[in-house]
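Dear colleague,

I am passing on a structure that I would like you to look over before we discuss it. The model comes first, and my notes on what was found in it follow underneath.

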Amino acid sequence: MTEASREARVLAALVAMAGSLTEEYAVVDLLDRLTEEALDLLDVDAAALVLENARGELELVASSNQQAGFVELVQLDAGDGPCIEAFRTGEPIVVPDVREEGPRWAEHRAAAEREGFRSVHAVPLRVGARTIGSLGLFRAAPGALSEADARVARALADIGSIAILQERALRESEVVSEQLRRALDSRVAIEQAKGVVAESLGIDMDEAFRILRSHARSSNASLQDVARQVASRTLRLERDAIPDGTSERSAV
């Protein structure tokens with residue numbers, strides 16, 4: 001494959017993955033595709049992704065085969081290894097030959113050899129100063145990735161990072177939107193209930209609100225629930241004393 005044709009394939013893969021971010025997508029599917037693209041575009045035999053979860057722990061989320069997934073799980077269980085080091089430092093970690101690692105990462109070295117891998121390259125998934133995971137690239141032969149492959153690996157990791165952060169942002173925005181919708185719905189119900197109480201008792205809106213709030217507190221109910229009942233005419237509030245220490249009795 002010529003350098004020109006390789007660059008065309010890289011661009012096509014990046015454009016396709018970036019384009020999927022503008023559509024409805026499942027982030028796990030996109031990350032699976034990322035590992036597949038890594039195999040197609042790089043001189044590697046397997047790839048796997050680990051991500052930080054909400055508890056700040058790394059989890060395996062995608063792997064091109066069981067062997068790579070197993071090596072990653074061994075790293076996670078041991079709490080150390082190239083991919084974990086890349087996540088911790090935010091820097092790429094290159095292991096040209098796992099047999100020359102020495103005493104460090106003993107569990108990782110044994111697992112990699114057992115699964116047929118001689119070299120490992122870990123690329124952090126970063127956006128700015130934030131590291132959210134790492135991409136592990138495994139080769140059956142010893143040796144480092146070429147400079148061109150390293151650049152492509154970095155680009156794939158960047159696309160993965162953007163996909164993950166976008167998915168999280170969308171999820172968080174949906175939560176915020178739902179909370180806002182509920183708050184607005186509650187406010188509408190409260191305003192409606194204030195109007196009902198004010199009209200039925202011949203009082204102003206501020207006093208009506210104090211009666212609503214006092215009833216909610218005395219009955220150990222939420223203000224929103226009381227307001228909805230009053231607005232739907234399933235609860236009727238009556239005034240006993242105003243304005244000194246507002247109290248009320250209720251009737252349904």
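**Helix 4 and its surroundings**

In helix 4, which covers residues 82-89, the buried residues are Pro82, Cys83, Ile84, Ala86 and Phe87. Please keep in mind while reading that this is a predicted model. Directly after helix 4 comes Gly90, and the phi of Gly90 is positive, near 75°.

Helix 4 has a helical neighbour in helix 3 (residues 66-78): the axes of the two come within 8 Å and cross at roughly 60°. Helix 3 is therefore oblique to helix 4, since an angle of that kind falls outside the ranges that count as roughly parallel, roughly antiparallel or roughly perpendicular. The residues that meet are Glu72, Gln75 and Leu76 on the side of helix 3, and Pro82, Cys83 and Ile84 on the side of helix 4. Pro82, Cys83 and Ile84 are also among the buried residues of helix 4.

**The chain as a whole**

The secondary structure of the protein chain amounts to eight helices and seven strands. The chain has 252 residues, of which 41% count as buried. Among the contacts in the chain with a separation of 6 or more, 55% come from residues that are 24 or more positions apart.

**The sheet**

Five strands make up an open sheet in the order 2-1-5-4-3, and their pairing is antiparallel. Strand 2 and strand 3 are the edge strands, each of them pairing on one side only. From one strand to the next, the twist averages 20°. Helix 3 packs on this sheet, where it touches strand 1, strand 2 and strand 5, and the direction of helix 3 makes about 175° with that of strand 2.

Taking the pairings in turn, strand 1 (residues 46-52) and strand 2 (residues 58-63) are antiparallel to each other and share five bridges. Leu51 stands opposite Glu59 in strand 2, and Glu52 has Leu58, also in strand 2, as its bridge partner. These two strands form a hairpin with five residues between them, and in the turn Gly56 has a positive phi of about 80°.

Strand 1 also pairs with strand 5, again in the antiparallel sense, over six bridges; here Ala47 stands opposite Leu137 in strand 5. Strand 5 is in turn joined to strand 4 by nine bridges, and these two strands run antiparallel, with Ser134 in strand 5 as the bridge partner of Pro124. Strand 4 and strand 5 form a hairpin as well, with two residues between them, and Gly128 in the turn has a positive phi of about 65°. How much of strand 5 is covered? Strand 5 is mostly covered, with nine of its 10 residues buried.

**Aromatic rings**

The count of aromatic pairs comes to one. The rings in question belong to Phe117 and Phe138, whose centres are 5.1 Å apart and whose planes stand at 35°, so the pair is classed as tilted. Because Phe117 lies in the loop between helix 5 and strand 4 (119-127) while Phe138 lies in strand 5 (residues 130-139), the pair ties together parts that are 21 residues apart in sequence. Both Phe117 and Phe138 are buried.

A further ring worth your attention is that of Trp105, over which the charged end of Arg104 sits, 3.7 Å from the centre of the ring.

**Positive phi outside glycine**

Trp105 also appears here, as its phi is near 55°, a positive value in a residue other than glycine. Trp105 lies in the loop between strand 3 (93-95) and helix 5 (106-114). Is Trp105 buried or exposed? Its relative accessibility is 6%, so Trp105 counts as buried.

Asn220 likewise has a positive phi, of about 55°, although it is not a glycine. This residue is found in the loop between helix 7 (205-218) and helix 8 (223-231). With a relative accessibility of 74%, Asn220 counts as exposed, because the cut-off for that class is over 50%.

With best regards

Notes: Residues are numbered from 1 along each chain as its sequence is written. This is a predicted model: local features need pLDDT of at least 70, side-chain atom pairs count only at pLDDT 80 or more; totals for chains, interfaces and linings use all residues. Side-chain values use heavy atoms; hydrogens and water are left out. Helices (H or I, at least four residues) and strands (E, at least two) are DSSP runs, numbered from the N terminus. Buried means under 20% relative accessible area, exposed over 50%, partly exposed in between (1.4 Å probe, protein chains only). Two strands pair if DSSP finds at least two bridges between them. Rings of Phe, Tyr and Trp (its six-membered ring) pair if their centres lie within 6.5 Å; planes under 30 degrees apart count as stacked, over 60 as edge-to-face and the rest as tilted. A charge sits over a ring if NZ of Lys or CZ of Arg is within 6 Å of the ring centre and within 35 degrees of the ring normal. Axes are lines fitted to C-alpha atoms, for helices over the stretch in contact, and angles run from 0 to 180 degrees between N-to-C directions. Angles under 35 degrees count as roughly parallel, over 145 as roughly antiparallel, 65 to 115 as roughly perpendicular and the rest as oblique. Contact means heavy atoms within 4.5 Å.
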